[in-house]
Structure formats: structure tokens, C-alpha cells
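Work through the exercises below with the sequence and the model at hand. Each task is followed by a solution in steps.

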Amino acid sequence: LHQAIQQGQLCAYYQPKLRLSDSAVVGAEALIRWRHPERGLIPPNQFIPVAEASDLIVDLGDWMLGEVSRQLATWRKVGLPHLSIAVNLAARHFREPRLVPHIERLLATYGLPPEALELELTESTLLETGTHTMDTLRMLRQRGIGLAIDDFGTGYSSLGYLKRLPITALKIDQSFVRDLEHDSDDRTLAATIVALGHSLGLKVIAEGVETEQQRRILLEQGCDLAQGYLFSRPLPAEDFMKFNGAVAKTTCPG
Ligand code: C2E
Ligand code: MG
Ligand code: MG
């Protein structure tokens, strides 16, 4: 994995995020992939846990932040100015004092507004919050960077942190979206997360939307954004560009 970073074997895939009300693409989630010379494309669940056990996860996260910033600058040049890209960061990374200066440097280098970047953190990250993580989150938010809680509803965290922390979005975990059509408990849970998020002034994003019925239910529940195979799988940067072009054509004719 050390070598993978040095030898340029990591790459970022982008899964489009759509606004449910009008199907406009508002951004993407960046998801890491390892193009192994012999083993082919390795998904993150096969190497992120290993990286998380050491400081490698910080190198890997720094690499993603750099790659996504570079890519965002390119997209803004070719006329996609409003995209916001989310990067997943591990708990350990939020304890790094150099995270905030690193992000500031990237935004300055690539001439990006802070809204172009969003960071996804998990509930376990919040459970591990010491004062340092808390300060880091506040500094990021003060600088205008979005902060989303990933896999919301699957952790064991208290709701108190939602009030205390400078979060901007909640992502409804895939496990609640999967059976929306057939499981009324899941429908209740999804609706509750949407209501909770909105009452706290947060955007709500549904993950893992695979069917038209799930999309319709989430739209009716007032969920703001969605991502999932129904719209698109995570795509290499070039294909994400093409996807944007295709959606723009269908949503704004002429
Ligand atoms: P996540 O952040 O919750 O990402 C969502 C995962 O769900 C992605 O898997 C995505 O490909 C998958 N997915 C999206 N739409 C659908 C759908 O409609 N159906 C189903 N069944 N799955 C869908 P992926 O890319 O394999 O990533 C898995 C996890 O690895 C991520 O979960 C995230 O926790 C972690 N990860 C990925 N990239 C990074 C990274 O750059 N840094 C860190 N620290 N973690 C990462
Ligand atoms: Mg995520
Ligand atoms: Mg997730």
C-alpha cells in the first residue's frame, strides 16, 4: 500500500449525487480504488481496514484530498463550476493537526471555494472525539467546508452530538434504504432521519438508492439528495464528466 501511493496505483472513482426534486447532479462522492498491477481493481473494503490500523490511512486520505482538488479544478475550468465533491476521511485523520492547513493549502493552490469540498465522517469518528477532533471540525466548518455524517443510524452515538457539532449533512445508511418498499419500519426510520436532519438545518442524503420505488418514497419524504446504482455506479473521472453531460441534456432540453 505504501508503494501503491508512490507508484500512482490509487485512483478516485466518483459516484454522482443527485438532487431528488429535479434530478440535477450537484456533486459526487469520491471513492478510492487500487489499480493493482496483478490483482486488478481492488475495492476499498479490502485495504481501508488495514490502512486504518496505521498512519497509512492519513497518507491515503491526504492523497485523495489532493487528487480530488486537482480534479475539481479541472472540472471548474471546463465549465462545471458548482460541483461539490465529498471525501471520506478516517477518525485518525481528524486528530491530525496538519489536516486543516493541508486542506487550506489545497484550496489555495487549486483556486477552489471551500464549498467545493465536503468531508464524510462516520459516527465512530464522532464517538472518538477528543477536544482536538472537535476543534478540527469547528475550524473546517468555519472555513466553509461541508461535513456529512456517513452511514447515519448504524452507530451507537448519542443524538447530543448532532446539536453540538458543526455538521452540515446526514447520509441515511444503505441498510435503511434497501427495504424501503416492503418494510414499513424502514420507511418510518428514513422519514424520521429526514425530519431530524431538517429540523436541525441539515441536508439529508440517501445512500444506495437502487430502484425507482425507493427514489419515489425518498422524494415524498422530503429527502434532499440521493446516490446509488439507480442513477450511476461510482465512475472514473472521465465517465463522470460524460454522465454530467448526459444528465444536463435530459434535464435542461435545448
Ligand atoms: P461509503 O462511504 O458508505 O460509500 C458507499 C459505498 O456504497 C461505496 O462502496 C459505493 O460504491 C457503494 N454503493 C453506492 N451506491 C450503491 C448502491 O446503489 N447499492 C449498493 N449495494 N452499493 C452502493 P465502496 O466504493 O466499495 O466503498 C466502501 C467503503 O469504503 C465506503 O463506504 C467508505 O467507508 C470506504 N471508503 C471508500 N473510499 C474511501 C477513502 O478514500 N477513504 C476512506 N477513509 N474510506 C473510503
Ligand atoms: Mg461515504
Ligand atoms: Mg455510507
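The exercises cover two metal sites and one helix pair.

This is a predicted model, in which local features need pLDDT of at least 70 and side-chain atom pairs count only at pLDDT 80 or more, while totals for chains, interfaces and linings use all residues. Residues are numbered from 1 along each chain as its sequence is written, chains are lettered from A and ligands numbered from 1 in the order in which they are written, and side-chain values use heavy atoms, with hydrogens and water left out.

**Exercise 1.** List the protein donors of the magnesium ion (ligand 2) and place Glu29 and Asp150 in the chain.

Step 1. Donors are N, O and S atoms within 2.8 Å of the metal (3.2 Å for Na, K and Ca); water is not among the atoms, so sites may look incomplete.

Step 2. Glu29 (OE), Asn88 (OD1), Glu120 (OE) and Asp150 (OD) lie 2.0 to 2.3 Å from the magnesium ion (ligand 2). Their sequence spacing reads E-x58-N-x31-E-x29-D.

Step 3. Glu29 sits in strand β2 (residues 25-36) and Asp150 in strand β6 (residues 146-152), 121 residues apart, a pair that links distant parts of the chain. Helices (H or I, at least four residues) and strands (E, at least two) are DSSP runs, numbered from the N terminus.

Step 4. Glu29 and Asp150 are both buried (buried is under 20% relative accessible area, exposed over 50%, partly exposed in between, with a 1.4 Å probe and protein chains only).

**Exercise 2.** Which residue bridges the magnesium ion (ligand 3) and the magnesium ion (ligand 2)?

Step 1. The protein donors of the magnesium ion (ligand 3) are Asp150 (OD), Asp151 (OD), Glu207 (OE) and Glu207 (OE), at 2.1 to 2.4 Å. The donor residues are spaced D-D-x55-E.

Step 2. Asp151 belongs to strand β6, and Glu207 to the loop between β8 (203-206) and α11 (212-220), 56 residues apart.

Step 3. Asp151 is partly exposed at a relative accessible area of 26%, whereas Glu207 is buried at 8%.

Step 4. The bridging residue is Asp150, and the two ions are 4.1 Å apart.

**Exercise 3.** How do helix α3 (residues 56-77) and helix α5 (residues 99-110) pack?

Step 1. The angle is about 20° and the axes are 9 Å apart (axes are lines fitted to C-alpha atoms, for helices over the stretch in contact, and angles run from 0 to 180 degrees between N-to-C directions).

Step 2. Therefore α3 is roughly parallel to α5 (angles under 35 degrees count as roughly parallel, over 145 as roughly antiparallel, 65 to 115 as roughly perpendicular and the rest as oblique).
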